[in-house]
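Let's take a walk through a protein model together, starting from the inside and working out from there. Keep the 3D view open and turn it as you read.

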Amino acid sequence: MSPLRQSLADYLAIRRALGFRLDRAEKLISQFIAYLEERQATVITIGHAVAWATAPAGAAPWWHALRLSAVRPFAAWLHSLDDAHQVPPPGLIPGGSRRAVPYLYSPAEIATLAEAARCRPHPVSAITYPALICVLAATGARIGEVLALDDGDFDAARGVLTVREGKWGKSRLLPLHPTSTAALQRYQRDRDILLPDRPGDVLLVTTTGTRLDYSRACKTFHAITARAGITARSAACRPRIHDLRHSYAVRSLLECYRRGDDVQAMLPRLSTYMGHSDPRHTFWYLSAAPELLALAAGRLEAHLRETA
């Protein structure tokens, strides 16, 4: 193992001990080290970092900025041990805002997506993707958390899903509506009929009985949205599988406002349920829906009238 790769292993071990996952960072930094090794470079320089980050030339600026942002903390850590390593300054590659505008699915659109998913050509795929959409829409869980579920994480008797080792290494319980519980039980029954000898105890499976992976799920979901006739609302607002999580959060907050609940008191509970590290991350969803902003403004106006 080269010194740079040993340094990467040490760096990842330290950061992960602090609770960081760094899966994408590991992949990108490993690619950068391969770039350095091809050039027989033993230290990180700003020139090498920028040259690697801006390849390929036709990629979007945000992707170049993302690649460089993966290298920066690793370079800073190495620089603290050996000042021969250079640290690319922040903002060296302007990336602009990368946060997409959430596509907020209506209940009717979610039903249409599930129906389109049932039309998948393979029988296993035709039951797995409706179940995936159901779980994502009903719980607001992250796609990676749902794909990692095993049968043992679904307690049908209690109607609860257990997310193990979610973001920041935290686990949590997700209560399900009885209709969602029944739908998952039907899925398990049908899945086991179609794949009686499947390996392992993965909950959501591919056509061969293995675990769904992220890239396949996203690609298939894109095909499902096309079949359902759900298209982009703008260049920045395209239907994505992640937006089922956004839609859940917004729907939950809308229901709170409409019932007249104390939204500030409810936010920490919703934040915990969704696995956010801070309620501020949940509060961001207010800006994602004009209807939420209108309700919040109306609540504020009423409060101001009462205190005037």
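## Starting from the inside

This is a predicted model, and a good place to begin is its largest nonpolar core, a set of 41 residues in which Leu132 and Leu244 have the most contacts. Which elements give two or more residues to this core? They are helix H5 (107-117), helix H6 (123-139), helix H7 (143-147), strand E2 (160-163), helix H8 (178-194) and helix H9 (214-228). Of these, H6 gives the most, with 9 residues.

Now zoom in on Leu244. If you skip its neighbours within four places in sequence, this leucine touches Tyr105, Ile110, Ile133, Leu136, Ala137 and Phe221. Once you've found those, look for a second core, separate from the big one: it has 25 residues, among them Leu8, Ala25, Leu28 and Tyr35.

With that in mind, step back and take in the whole chain. It has 308 residues, and 42% of them count as buried. Its secondary structure adds up to 13 helices and 3 strands. If you take the contacts between residues at least 6 apart in sequence, 60% of them join residues at least 24 apart. As for the outside, the accessible surface is about 16,300 Å², and carbon and sulfur atoms account for 57% of that.

Next, let's see how some of the helices meet. Two packed helices are described by the angle between their axes and the distance between the axes. Try H6 and H9 to begin with: their axes come within 12 Å and cross at roughly 95°. An angle of 65 to 115 degrees counts as roughly perpendicular, so that is the label for H6 and H9. On the H6 side, the contact is made by Tyr129, Leu132 and Ile133, while H9 brings Arg216, Ala217, Thr220, Phe221 and Ile224. Sorted by class, that contact has 6 nonpolar, 1 polar and 1 charged residues.

H9 also packs against H5, at an angle of about 110° and with the axes 9 Å apart. That angle makes H5 roughly perpendicular to H9 as well. Here H5 uses Thr112, Leu113, Ala116 and Ala117, and H9 answers with Phe221, Ile224, Thr225, Arg227 and Ala228. This time the residues of the contact split into 6 nonpolar, 2 polar and 1 charged.

Now head towards the start of the chain. Helix H1 (residues 3-17) packs against helix H4 (residues 61-81) at about 105°, and their axes are 11 Å apart. What does that angle make H1 in relation to H4? Roughly perpendicular. From H1, the residues making the contact are Leu4, Ser7, Leu8, Asp10, Tyr11, Ile14 and Arg15, and from H4 they are Pro73, Phe74, Trp77 and Leu78. By class, the contact of H1 with H4 has 8 nonpolar, 1 polar and 2 charged residues. You may recognise Leu8 here, since it is one of the residues of the second core.

For a last stop, find Leu267, which sits in helix H11 (residues 263-274). Is Leu267 buried or exposed? Buried means under 20% relative accessible area, and Leu267 has a value of 4%, so it counts as buried. Finally, compare this leucine with Leu253: the two are 14 residues apart in sequence, and their C-alpha atoms are 8.3 Å apart in space.

Key
Residues are numbered from 1 along each chain as its sequence is written. This is a predicted model: local features need pLDDT of at least 70, side-chain atom pairs count only at pLDDT 80 or more; totals for chains, interfaces and linings use all residues. Side-chain values use heavy atoms; hydrogens and water are left out. Helices (H or I, at least four residues) and strands (E, at least two) are DSSP runs, numbered from the N terminus. Buried means under 20% relative accessible area, exposed over 50%, partly exposed in between (1.4 Å probe, protein chains only). Contact means heavy atoms within 4.5 Å. Accessible areas come from the Shrake-Rupley method with a 1.4 Å probe; for residues, only the protein chains shown count as cover. A nonpolar core is a set of buried Ala, Val, Leu, Ile, Met, Phe, Trp, Tyr and Cys residues joined through side-chain atoms within 4.5 Å. Axes are lines fitted to C-alpha atoms, for helices over the stretch in contact, and angles run from 0 to 180 degrees between N-to-C directions. Angles under 35 degrees count as roughly parallel, over 145 as roughly antiparallel, 65 to 115 as roughly perpendicular and the rest as oblique. Ala, Val, Leu, Ile, Met, Phe, Trp, Tyr, Cys and Pro count as nonpolar, Asp, Glu, Lys and Arg as charged, and the others, Gly among them, as polar.
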